[in-house]
Amino acid sequence: MKRSLILFQQHTGRMFRDKWKVQGKRVLIDTGALKELKLRGIAVEDANDVVRETFEKTKHVELDHFPPKLNEIQPDYHEEPCLNYSDHNVLIGGLDQAKVFTNSCEMDLSLLPFSERLDSASIDSSQNSIIKRLIKTSLLFDATQEKLPIRKDPNRPAFVFPRDFGITDKRKNFLLGRRLLQLCSILNPELKDKRRFIKGPLYFQTALNRDSRNILLSVRADELIASDVYIKSLINKTELTDKPIPDILPLSAFVSLEKIHTYKFEDFYPMNKEIDRSVVHTVLVHFNKTEVTNLYETEVTESQILARSLMKCYAIAIAEARNHYGKDVEDLPEPLTIQCIQTDSKQFYFSIFQLNTTRSSEETNIRNAYWILPALSLFDQCDYIEGIPKLVNYNPQANQQLMLLSPDGHGISKCKFTCHSAGIEPMISVGEC
């Protein structure tokens, strides 16, 4: 048997190329068809002249930009612009600007009914083990692989890094936030008939008129815990009369708000007050650096992150107050309190807001109250280190505050917690971290 030639990948298509070499040397045989056509008076054209016919290239005419037309195509277009605050932008003045805009003053943490338990609250080892598993499952073990934002080196701005794939920040926030709130609900089974966990996103909108300006607050609650009753007021509104608010002059309270022309100037509350457990109790807000940016492309500061929590609480509280008391309500008969948790899956910002009035500081001397709990880091690092998934410096205090705020505001439930009672066996295992 004759040995054949050893072929490799570069020999792919060898027989096809050899066949073309042979066929390319063929000589066309004159069949006499051209002569016969000429004898019969039939015109014959050369095929090369037809194939290679040149055409003039048409020039694209650049049309001028036409403004939006006021017709049925864009029914929500208005010539008068509206100032809009939404999820992707922050206030340039930070927390002080938010306090002036919302007519709020920051209160001392000692006024909170559970302030003494902020440092003394504890979670047993079994619960800590489950929470560690939740963190790893959400941030490391999820099978989703998407394109991550392009990396940039400030010292080498022209250097192109390889494109990274993995779990996006948005999905990390979604997985961790939802699972932690579900865990809070599981730890308090006695509140099952009074609270309900609502999967987001839920959109709220509040229409305001300040200094002859139309302002829209369009915010999103990524996750939400609803209740059947309102949270009791934490401080009497008479104690908030003539409380000082920050002086930000010459800065305006409306600076860095976007001007938009297409809008609906109306309030929107996503839950019907006729249904059971439709009162906002706790709001979970995601912070994502790829979505939330500063107007002037600078780094978002911690003060602006806290201002974002205050603005969201303010918008949601006014939308709920108007849904409950009517659209013309200004000074609320009973204060309305909302708890807020903002996180980027690592840092947790806890705050509580009490709405007493919807009027601005120039129209009334009654103030709204705002409490800011110290920001806590859930961990230092959660990543694959030398190929091993590791959670470095887990901080249980962040979850202790979450347990204090989310379920009922009266402390951590003392019920015995196991993986079986939590009903999360498919998601995590019982073994030690």
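These exercises walk through a predicted model of one protein chain.

**Exercise 1. Take stock of the whole chain: how many helices and strands does the protein chain have, and what share of its residues is buried?**

Step 1. Count the elements. The protein chain has ten helices and 14 strands.

Step 2. Look at burial. The chain has 433 residues, and buried residues make up 43% of them.

Step 3. Turn to the outside. The chain exposes about 26100 Å². Carbon and sulfur atoms supply 52% of that area.

Step 4. Check how the contacts are spread along the sequence. Take the contacts with a separation of 6 or more: 75% of them come from residues 24 or more positions apart.

**Exercise 2. Judge the confidence: which element has the lowest mean pLDDT, and which the highest?**

Step 1. Start with the average. The protein chain averages a pLDDT of 82. A score of at least 70 is reached by 86% of the residues.

Step 2. Compare the elements. Helix α8 (residues 302–325) has the highest mean pLDDT, 93. Helix α10 (residues 419–422) has the lowest, 36.

Step 3. Find the weak stretch. Over residues 407–433, pLDDT stays under 50. The model still has 63 contacts beyond four places in sequence for these residues.

Step 4. Draw the consequence. Where pLDDT is low, the predicted coordinates should not be read in detail.

**Exercise 3. Place K99: is K99 buried or exposed, and what does K99 touch?**

Step 1. Locate the residue. K99 sits in helix α4 (residues 94–102).

Step 2. Apply the cut-off. Buried means under 20% relative accessible area. K99 has 9% relative accessibility, so K99 counts as buried.

Step 3. List the neighbours. Leaving aside residues up to four places away in sequence, K99 touches S104, E106, P246 and L310.

Step 4. Pick out the polar partner. The side chains of K99 and E106 are joined by a polar contact of 2.8 Å.

**Exercise 4. Describe a surface patch: which residues make the nonpolar patch of about 320 Å²?**

Step 1. Name the members. L34, L37, I42 and V44 make the patch.

Step 2. Place one of them. L34 lies in helix α2 (residues 33–39).

Step 3. Classify L34. Partly exposed covers the range between the buried limit of 20% and the exposed limit of 50%. L34 has a relative accessible area of 43%, so L34 is partly exposed.

**Exercise 5. Trace the salt bridges: how many does the structure hold, and where do the partners of E223 and D331 lie?**

Step 1. Begin with the total. The structure holds 13 salt bridges.

Step 2. Take E223. Its salt bridge is with R178, and the closest N and O atoms are 3.4 Å apart. This pair links distant parts of the chain: E223 is in strand β6 (residues 213–227), R178 is in helix α7 (residues 169–187), and 45 residues separate them. Both E223 and R178 are buried.

Step 3. Add D222. A salt bridge joins the side chains of D222 and R220, at 2.9 Å from N to O. Both D222 and R220 are buried.

Step 4. Take D331. D331 forms a salt bridge with R359, the closest N and O atoms being 2.8 Å apart. D331 is in strand β9 (residues 331–343), while R359 is in the loop between β10 (347–357) and β11 (368–372), 28 residues apart.

Step 5. Classify D331. Its relative accessible area is 33%, so D331 is partly exposed.

Step 6. Widen the view. E330, D331 and R359 are linked in a network of salt bridges.

Terms used. Residues numbered from 1 in each chain as written. Predicted model: local features only at pLDDT ≥ 70, side-chain atom pairs only at ≥ 80, totals over all residues. Heavy atoms only, no water. pLDDT = per-residue confidence, 0-100. Helix = DSSP H or I, 4+ residues; strand = E, 2+ residues; numbered from the N terminus. Contact = heavy atoms within 4.5 Å. Buried < 20%, exposed > 50% of the residue type's maximum accessible area, 1.4 Å probe, protein only. Polar contact = N/O pair within 3.5 Å; in protein donor to acceptor, adjacent residues only side chain to side chain. Patch = residues over 30% accessible without salt bridge, like charges linked within 9 Å, V, L, I, M, F, W, Y side chains within 5 Å. Areas by Shrake-Rupley, 256 points an atom, 1.4 Å probe, with all protein chains shown as cover. Salt bridge = Lys/Arg side-chain N within 4 Å of Asp/Glu carboxyl O.
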